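Dear colleague,

Please find below the structure I said I would pass on, followed by my notes on what turned up in it. I would be glad if you read the notes with the model open beside them.

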Amino acid sequence: MLQKLRKVLGLEQKIDKEKASSLFRKRYAIFKELLECNSNLANIIASMEAVLKGERNAETTQIRKDARQAIVECERMAQCLNDISGHRQQDLVATVEALGKKIEHEIEQQTLGDIPDLTLAMDDIDASLSYGVGGKSANLGEIRNVLGIRIPDGFAITIQAGILHLLRTSGLFKKIHITLRSVDPEQPESIRQASEKVQGMIREAAVPQEVQDALYARWDATFPNQDVVCALRSSAIAEDGVQSFAGQYSSILGVTRATLLDAFRSIIASLFSERALSYRSNHGYRLEASGMGMCCLEMVKAKAAGVAYSRHPLNLRSNCMLINGVWGLGEMVVDGSGTPDMWLYSRSRHCVEEEKIAQKREKIVLKLGDNGPEQSREPVTSDLVNVPCLNTSQLDELASKVLELERHYQYPQDVEWALNEHDELIILQTRPLHIDTTLADVDFPSLQRATPLAQGADTAAKGVACGTVVPFDPEEGNTDFPEGAIMLLKHSSPLAMIALRRAGAIIAETGSMTGHMAILCREFNVPCIMNLPGICQSLKAGTVVTVDAIGGRIFAGEIPELLSLAIKKEKPKLDSPARILLRRIAPLILPLHLVDPNAENFKAQNCTSLHDAMRYTHEFSYSAMFQISDDLANGSGHEAAIKLNCRIPLDLYIIDLGGGVSGEGLRQVTPEAITSLPMHCLLDGMLDPDVQAKGPRPIDMRGFLSVMGQSMIGGNNQGGERFGDHSYAIISDRYLLFSSRVGYHYAVLDTWCSDALNKNYIRFEFAGGAASNERRARRIRCIGIILTELGFTVETAGTRLRARFQKYPRETTENRLTQMGRLLIMTRQLDMLMVNEQSVQQFASNFLEGKYH
């Protein structure tokens, strides 16, 4: 009523086209950021769940980093929702901030590695200091001071030194943050440009005086001989942890005291190299979130060098470790530029089981050039070309050290080694070995009597499992899935990530082989097959099946011959420092208590974990976007709109956020000018000749009189207020928010349609009408029947309907959008035809059969 009065009195605030367009673009950008944060936080929660259950290894550095990243993502979500809701979610912002402080307090109580020093002697370092010096330095200190294994002389440069370099240069950190926030991880060119810009800024910044003084003082104390030549190696947070970051950051050889500061700047810059940014993005790390420490080590005058894996990285059945080596420095092994000697060394018999001695015609050595020490290739003397670079006793010693490292870390290790000029073995670094768990070179057993129930599936993660089929809806929750059961999904979904770790295997009727769930299945060794049309109908709940995720088949019952191929993965110890820390902070992050949006306690102040806050924010984010349609109905965006001229019974206006319409400065367009994929699909349905009226629609007289009576007394909605006469579509190339509020009808459709399956969704809301409540309720039930048959999840309450359809391929999403276009046209004034329950079923059946009149 107030809105009407303002309109009559001419008090409505006029917004020009540019300002209105900017307003909608801003809200859309915030909404996209909110969805991105939601996805990031879901990944973190899934990762923490895996660590907590002992299904994934982690270090305390990773737990601290993930917890802090979870706080940041959740705070960003809360702030985004507050922004797009007109600052009506201040309680949520305050609640999340309080949760973050509690989590940070618990982290600080457990943090031993946060140290103010800028450098540390290697004698003072062990694994507990990894958050202060980075993974590589902490590991080297651990194996030297705890295990007594020899490493090169040197010292550590702490994370604090790198932070000071970024913070003490005026404006540098802010510029880096702004640049990285503009990166689209799916666009390599975006990553490349940001990398070049950020690295250039860091290299040009002067090293703060206090950092310079600390570096030179530690160098002089560690290396009294000023002629020493060192390697300055990256030692970042999360490096040499469960994600190795191998090769992503710089290591600079031939560093002297005179070149130390330049090398220092270059390694900090490598934190933002193109490959490092891509790696962090692909593994779910925030681009700006990692710290950079370094270890400065005296270069070994290597007679030979190489890499040793404590387990065979490809053949899980092998009981051998794999050792590679070359003459000279080991860079030819690490970068793959040379063919090394190869040994398979038995872990149980402590001897070489197989060796392949390469022709090593070149080696890399460090020489003093005009510009200081530099690497160069030189020929190997003829008498050493075909000679093993390690003899039997040296292999035995190296194998013993590698096994000792694996026992200490309780995880397979990737070890770099060198043999100095005195034939002394030195360990250069160790990190977790990432093993390919796929089943290669297996001998399939004969299955002459077993006929597959289904075959031809795509294998997303290899393996074999037997269990009871349990249909699973990711939208309904993840808490009660039985351990070891076979999860049956209509389509793959990252929402299943918590439950999938309990599954023996996963069968998805449709799915993306490169999607997030497929990646998680491979990481967690959960067998997974996808793309078996109709499997959800043919497999019944409670059936025992064997899933062959090697051959892409499903068998009835238990097939012992196949189950012999199953590989049991050892679970890491549950009492590690990382899990002790995680158990302290998990109650503030992982539990989900707010599950029912209709419950009385579904309020911001009742969020007791970040998971609660994520669920609350995600639920209200879509309604906040729907609020745009209220703004449009009130006229605030009309000046930014373009009128669509076409044969549909709607007065439709378009607001283009970018990429949705061809041409600029237009006031009117036709459907041919629409370049928005979802809008194009919706219009295809609306303009379908079969749904266009072919004469007067048959009207039930009692329905017509009901409409007239309800309109006159205002009984059709709260307050009897009409919604408006215009319909609006806010569009981009892949996004559409369609708002149709004509007369007493209210329909809002919000969708994203692209090649990225996991991002695709359709959300639909319908309410209102001019007939009696009974007839409007029948129309809602009719629409609900149609949408349920089309695969939507539907919720109805009286004369209001909400539906969602998400995580389907682009082609399927396009099809549903076209059907929605038909439905929007056909359901206008449908309430007048809903004379009884038979008419509800009849119209729904006719629509699904393509009989629109």
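In what follows, a nonpolar core means a set of buried Ala, Val, Leu, Ile, Met, Phe, Trp, Tyr and Cys residues that are joined through side-chain atoms within 4.5 Å. Please keep in mind throughout that this is a predicted model.

On that definition, the largest nonpolar core has 58 residues, and those with the most contacts inside it are I63, L92, I103, I585, I589, L610 and Y735. The element that gives the most to this core is helix α2, which spans residues 17–52 and supplies 11 residues. Taking I585 as an example, and leaving aside its neighbours within four places in sequence, one finds I585 in contact with I63, A67, I103, E106 and I107. A second core, separate from that one, holds 51 residues and includes M686, I731, A844 and F847.

As for the protein as a whole, there are 25 helices and 30 strands, and 54% of the 853 residues are buried. If one takes the contacts between residues at least 6 apart in sequence, 65% of them join residues at least 24 apart. The exposed area comes to about 37500 Å², of which carbon and sulfur atoms supply 49%.

Turning to charged pairs, the structure holds 31 salt bridges, and three of them are described here one by one.

The salt bridge between K490 and E509 has its closest N and O atoms 3.4 Å apart. This pair links distant parts of the chain, with K490 in strand β17 (residues 486–491) and E509 in strand β18 (residues 505–510), 19 residues apart. Are its two partners buried or exposed? K490 counts as partly exposed because its relative accessibility is 37%, whereas E509, at 9% relative accessibility, counts as buried.

R553 and D548 form another salt bridge, in which the closest N and O atoms are 2.8 Å apart. Here D548 has a relative accessibility of 0% and therefore counts as buried.

In the salt bridge of E795 with R804, the closest N and O atoms lie 3.6 Å apart. E795 counts as partly exposed, since its relative accessibility is 42%, while R804 has a relative accessibility of 15% and so counts as buried. Elsewhere, E774, R778, R781 and E837 are joined into one network by salt bridges that share partners.

On the surface, I163, L167 and F173 form a nonpolar patch whose accessible area is about 260 Å² together. Of these residues, L167 lies in helix α7, which covers residues 159–167.

Finally, a word on confidence. The mean pLDDT of the protein is 78, and 75% of its residues reach 70 or more. Over residues 1–15 the pLDDT is below 50, and this stretch has 12 contacts in the model beyond near neighbours in sequence. Residues 570–574 also have a pLDDT below 50, and that stretch has 13 contacts beyond near neighbours in sequence. Where pLDDT is low, the predicted coordinates should not be read in detail.

With best regards

Technical notes. Residues numbered from 1 in each chain as written. Predicted model: local features only at pLDDT ≥ 70, side-chain atom pairs only at ≥ 80, totals over all residues. Heavy atoms only, no water. Buried < 20%, exposed > 50% of the residue type's maximum accessible area, 1.4 Å probe, protein only. Helix = DSSP H or I, 4+ residues; strand = E, 2+ residues; numbered from the N terminus. Contact = heavy atoms within 4.5 Å. Salt bridge = Lys/Arg side-chain N within 4 Å of Asp/Glu carboxyl O. pLDDT = per-residue confidence, 0-100. Patch = residues over 30% accessible without salt bridge, like charges linked within 9 Å, V, L, I, M, F, W, Y side chains within 5 Å. Areas by Shrake-Rupley, 256 points an atom, 1.4 Å probe, with all protein chains shown as cover.
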